[in-house]
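Open the model in a viewer and keep the selection panel at hand. The tour has two stops.

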Amino acid sequence: MANPFQILSKPSVKDPVCGMMVDPAKAAGRYDHEGKHYSFCALSCMVKFRADPDRYLHPEQTAAQAAPSPAAGVEYTCPMDPEIVQSHPGVCPKCGMALEPKSFTVSAEETNPELDDMVRRFRFSLWFTAPLFLLAMSEMLPGVGALPVWAGWIELLLAAPVVLWAGRPFFERAWTSLQFRSPNMFTLIGIGTGVAFLYSLAAVIAPSAFPPSFRTGHHGGVPVYFEASAVIITLVLLGQVLELRARGRTSAAIRSLLSLTPKQARLAFNGREQDVDLDLIRTGDHLRVRPGERVPVDGVIVEGSTTIDESMLTGEPMPVDKPQGAPVNAGTVNGAGAVLIRADRVGDDTVLAHIVRLVNEAQRSRAPIQRVADRVAKWFVPAVVACALAAFALWAIWGPEPRLAHALVSAVSVLIIACPCALGLATPMSIMVGTGRGATEGILIRDAEALETLRKIDTLIVDKTGTLTEGKPEMTSFRGSDDALRLAASAEHHSEHPLARAVVRAALQRNIELAEARAVEAIAGSGVVAEVDGRRVVVGNEIAVGAVPQDLAAEARRFRTNGETAVFISLDGLTVAVLGIADPVKSTTPEALRLLEAEHVKLVMLTGDAQATAQSIGHKLGISDVRAQVSPAGKHQVVKQLQDSGAIVAMAGDGVNDAPALAQANIGIAMGTGADIAMESAAVTLVKGDLRGVVKALLLSRAAMRNIKQNLFFAFIYNALGIPIAAGALYPLFGILLSPMIAAAAMTFSSVSVISNALRLRSVRL
């Protein structure tokens, strides 16, 4: 006899993720895997299972396989020497700067361990340096006189923790630079502070070993420079803190873009909705985006309509209307309407992720102008050491007493003030800020060389379709009845040809109801024939429809003169209507061309369209150099011919046929609304596909190069003036000998001033 409890109970299965028992009929989610059905208590359990079924079906096996495989780490590189790449944080063996991650991740808790360490060491050093400085300077106060012998031991006790612990990273970097035979700023700091500290240590422990030329005239004691070495270390630590914070701000553009992507998305499945982690979303999923929320993925609206704020991608503040079927991008902000979208691109495949990759790669690239700084830096540190030795020798031989004490001070001052950090930072900082600034305006610059070359362009070649025009043909003229248009649109309804879609859109915009078409047949290169409401409908050119009345033929000629394509409609063998289809010029194109002309950029239009259509568009836009019926190979050849004549050519296009010309041009500019291969071939991508972005890119390039030259000037002039002063050039005239502490402060100021100048690019007007 059957168990009554079994008869009354409902069949249930176990959720493989959380272990709960679930009624399959009421399950929140269902998923098929290897021919077996699985039911889930919640959508979050379903998406976790879908992401990694073996983790829940075979946990022991999955754990065993995963155990020996360490998680892939982030790669770290040097902003000044991008060829240096390693799998863990550290310092560059060539320049001594802290390495930065090659790629960025969205993490509110992300911190900079190098910055934290420098802040900790700086705060520690202040506790010892402040009393040390006051003690050393006290003998300069009226009535104090010379300090007792034991004061030197107190200075040693105060200076030792600063030099040996707080300054330890600088000595380690100096040693590394010598090992790699790549002297840098830390080589000079290590030598300068190390010499000052060791000399002072010897002066305290064995003062009698020093000759009279080291002793002061008044008291006969051997001067010590513990305060100089400690203050230099403290000031350099302060400089590192300021520099690391400023360098963090140069990546603000990337981090602000990354922060635009929400961490969760609202998955809609079988009438249920639940928030799940974004990394569990897959292509094809349906997601609910509520008013005010950010779109989590790239996709298409499948239910509802709204407006979307796309300013993070395009720089344009006005929201864009998004009806059903319209595409949306990750990171944009939904307006007042709740919509359901289908995920088409997720994770690293979204437009936003592509932008982040491009900006990150551009920020790590090197501009040709950087070679100037590289050549100088290669010989700079050895030259500085030579200058320091020369200063020491000159003071030791001809200087006033105490000669050797003065010689030591001047040599240390030269080493400290001449640190080449500002020279090395001059170009990378401006490139990082400039490319980030471009990204916020919807201008993606592939590398530093493109940013430098942009300012030189004097000729811009533009493709017509999709660049000057919308790339979406529309019916712009019509002569005939609405019934003729209805029958033509019905015949074209299932065609994917751009002209056919234009006819259908025109009918729908007039609220014309379409009929069912039968026996649809395409006439290759001419049009389409179909049976609609029992009538034979032909839509196409003269070849397709046959005889054309004179009045409609004259109208067609007028359409073509205006740059429109003429399409005839024939009903039961009689041509009754003609319509003109054109690709409308973008509303922003005339303004963009005026701005380019004001910047003295010559314009050339290339297109594969007929001569009449091309000339009509050129005349409307005021472009005198129009070249029509040009093949992709022909476009490439035109670019090369202009380059051979001495022109610096930029090419703007959006299609597959533009890719060869984009690659050949000095600067290829792709419309972000076009084909992927065009964007891959181009050095610059305009996310919105707005030619005004070319003007912005041009102005940004000029501002960035001006900024780089200012930085290089500051760095060069600083060292040109600082080294002679540190060596004692002012002493014969004014009796001034630069203190190593002042030299350290000046060195810190030079680096911070270069970074601060680069940060001004964030607010440059475009």
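How do the residues lining the second largest cavity divide into nonpolar, polar and charged? In this predicted model, the lining divides into 5 nonpolar, 4 polar and 1 charged.

**Stop one: the cavity**

To find the place, select Gly-239, Gln-240, Glu-243, Met-747 and Ser-751, which lie nearest the centre of the second largest cavity. The lining as a whole has 10 residues. Next, show helices α9 (226-250) and α29 (740-759): each supplies at least two residues of that lining. The space enclosed there is about 60 Å³. In total, the model has 4 cavities of 30 Å³ or more.

**Stop two: a helix crossing**

Now select residues 168-179, helix α7, and residues 185-205, helix α8. Their axes come within 8 Å and cross at roughly 120 degrees. That angle lies outside the 65 to 115 degree range for roughly perpendicular and is not over 145, so α7 is oblique to α8. The crossing of the two helices is left-handed.

Show side chains to see the contact. On the α7 side, select Phe-170, Phe-171, Arg-173, Ala-174, Ser-177 and Leu-178. On the α8 side, select Phe-186, Thr-187, Ile-189, Gly-190, Thr-193 and Gly-194. Coloured by class, the contact of α7 with α8 shows 6 nonpolar, 5 polar and 1 charged residues. The charged one is Arg-173 of α7.

Methods:
Residues numbered from 1 in each chain as written. Predicted model: local features only at pLDDT ≥ 70, side-chain atom pairs only at ≥ 80, totals over all residues. Heavy atoms only, no water. Axes fitted to C-alpha atoms, helices over the stretch in contact; angles between N-to-C directions. Helix = DSSP H or I, 4+ residues; strand = E, 2+ residues; numbered from the N terminus. Parallel < 35°, antiparallel > 145°, perpendicular 65-115°, else oblique. Left-handed = near helix turned anticlockwise from the far one by under 90°. Contact = heavy atoms within 4.5 Å. 1 Å grid on protein atoms, 1.4 Å probe; cavity = no way out; pocket = protein on both sides within 12 Å on 5 of 7 lines; lining within 4 Å. Points joined across faces, edges and corners; volume = space filled by probe spheres on them.
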